[in-house]
Amino acid sequence: MKFFTWLLFLLAPLGAMAQSKLVFKAGGNVSSMSQALSSELDAPISKAGFHAGLGSDIPLTSSGNLTIQPTLLFAQRGYIADFKQDTRRASTTLNYLDLPVNVTLKLGNEERNTKFLLFGGGYVACGLGGKTIERESGQPQTEYSVRFNYDLQRFDYGVQGGIGVQFDFFQLSAFYQQGLANVSEMSKNAKNQTFGLSISYLFDNIF
């Protein structure tokens with residue numbers, strides 16, 4: 001937690017010098033894992049979640065067509081998987097404090113203030129908590145917590161990329177994240193995978 005706080009603190013002066021914009025971002029995502037956390041489960045399928053948070057859009061060039069955008073997010077990941085031996089289904093929700101950092105290329109019409117966005121970068125994440133709910137015929141049967149530093153590694157990292165469009169101070173974007181860390185204490189290849197859609201608002205003249 002301290003790592004993310006200090007990193008955001010260190011980025012603030014850079015944003016002030018570069019006349020950056022404050023960014024509010026929120027959206028929905030579907031996540032899965034390359035492998036379930038238990039050998040009793042079939043291959044994971046995607047699970048819906050959401051993300052929301054604040055960041056900065058910092059110009060790297062005088063034209064503003066190349067920017068870097070660090071964002072601190074609350075982000076949900078997880079997956080759904082069926083049990084191999086019976087008809088139960090497990091739904092696992094994982095909550096993370098997420099820090100994606102993207103370099104964004106903006107191409108478009110300056111007069112209409114409409115731009116096409118192409119971005120990529122990486123992320124680091126810290127697990128906050130999670131839970132698994134087991135259901136039988138759609139009805140909840142058992143619920144238990146997922147323990148970071150016991151069931152799962154607390155820290156995750158990976159790469160990401162996406163496309164989007166900017167209208168004035170609004171950005172609409174689609175992204176994909178691929179985790180590079182094995183986050184499981186019990187599996188050899190449990191990596192987070194997330195596809196999401198975001199809407200962002202860029203506040204002008206904040207810094």
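**Exercise 1. Place Y201 on the scale from buried to exposed, and then look at its ring partner.**

*Step 1.* Start with the accessibility of Y201 in this predicted model. Its relative accessibility is 28%. Buried would need a value under 20%, and exposed a value over 50%. Y201 therefore counts as partly exposed.

*Step 2.* Now turn to F169. Its relative accessible area is 30%, so F169 is partly exposed as well.

*Step 3.* Next, check the geometry of the two rings. A pair of aromatic rings is described by the distance of the centres and the angle of the planes. For F169 and Y201 the centres are 6.3 Å apart and the planes make an angle of 50 degrees. Pairing requires centres within 6.5 Å, and an angle that is neither under 30 nor over 60 degrees counts as tilted. F169 and Y201 form a tilted pair.

*Step 4.* Locate both residues in the chain. F169 lies in the loop between β7 and β8 (170-179), while Y201 belongs to strand β9 (residues 192-203). The pair links distant parts of the chain, 32 residues apart.

*Step 5.* Finally, widen the view. Ring pairs join F169, F170, Y201 and F203 into a cluster.

**Exercise 2. Describe the surroundings of the ring of Y96.**

*Step 1.* Begin with the aromatic pairs, of which the count is five. One of them is Y96 with F148, at 5.6 Å centre to centre and 75 degrees between the planes. An angle over 60 degrees counts as edge-to-face, and that is the class of the pair of Y96 and F148.

*Step 2.* Place the partners. Y96 is in strand β4 (residues 88-109), and F148 is in the loop between β6 and β7 (155-167). They are 52 residues apart, so here too the pair links distant parts of the chain.

*Step 3.* Add the accessibility: both Y96 and F148 are buried.

*Step 4.* Look for a charge. The charged end of R77 sits over the ring of Y96, 4.8 Å from its centre. For another example of this arrangement, find R88, whose charged end sits over the ring of F83 at 3.8 Å from the centre.

**Exercise 3. Trace how β5, β6, β7 and β8 pair.**

*Step 1.* Set the scene with the whole chain. It has one helix and nine strands, and along the sequence the order is α-β-β-β-β-β-β-β-β-β.

*Step 2.* Take β5 (residues 114-136) and β6 (residues 139-146). They run antiparallel and are joined by seven bridges. T132 has Y144 in β6 as its bridge partner. The two strands form a hairpin with two residues between them, and S137 in the turn has a positive phi of about 55 degrees.

*Step 3.* Go on from β5 to β7. These strands pair in the antiparallel sense over 13 bridges, and G122 finds its partner V159 in β7.

*Step 4.* Continue from β7 to β8, an antiparallel pairing over 10 bridges. G158 is partnered by G179 in β8. This hairpin has two residues between the strands, and D168 takes a positive phi near 55 degrees.

*Step 5.* Compare the faces of β7. The covered face includes D156, G158 and Q160. The uncovered face includes F155, Y157 and V159.

**Exercise 4. Find the cavities and work out what lines them.**

*Step 1.* Count first. Rolling a probe the size of a water molecule over the atoms shows where empty space is left. The whole structure has two cavities of 30 Å³ or more.

*Step 2.* Examine the largest cavity, with a volume of about 170 Å³. Its lining has 17 residues, and L73, P100, Q160, F175 and Q177 lie nearest the centre. Strands β1 (21-33), β3 (66-82), β4, β7, β8 and β9 each supply at least two lining residues. By class, the lining has five nonpolar, nine polar and three charged residues.

*Step 3.* Move to the second largest cavity, which holds about 80 Å³ of space. Among the residues lining it are K25, Q69, N102 and F119. Here β4, β5 and β8 each contribute at least two residues. The lining comprises two nonpolar, six polar and one charged residues.

**Exercise 5. Decide whether V23 is buried or exposed, and find a residue that is distant in sequence.**

*Step 1.* V23 is found in strand β1. Its relative accessibility is 0%, so V23 counts as buried.

*Step 2.* V23 and L202 are 179 residues apart in sequence, yet their C-alpha atoms are 4.6 Å apart in space.

*Step 3.* Put V23 in context: buried residues make up 43% of the 207 residues in the chain.

Conventions. Residues numbered from 1 in each chain as written. Predicted model: local features only at pLDDT ≥ 70, side-chain atom pairs only at ≥ 80, totals over all residues. Heavy atoms only, no water. Pairing = 2+ DSSP bridges. Helix = DSSP H or I, 4+ residues; strand = E, 2+ residues; numbered from the N terminus. Phe/Tyr/Trp six-rings, centres within 6.5 Å; stacked < 30°, edge-to-face > 60°. Buried < 20%, exposed > 50% of the residue type's maximum accessible area, 1.4 Å probe, protein only. Lys NZ or Arg CZ within 6 Å of the ring centre and 35° of its normal. 1 Å grid on protein atoms, 1.4 Å probe; cavity = no way out; pocket = protein on both sides within 12 Å on 5 of 7 lines; lining within 4 Å. Points joined across faces, edges and corners; volume = space filled by probe spheres on them. Nonpolar A, V, L, I, M, F, W, Y, C, P; charged D, E, K, R; others polar.
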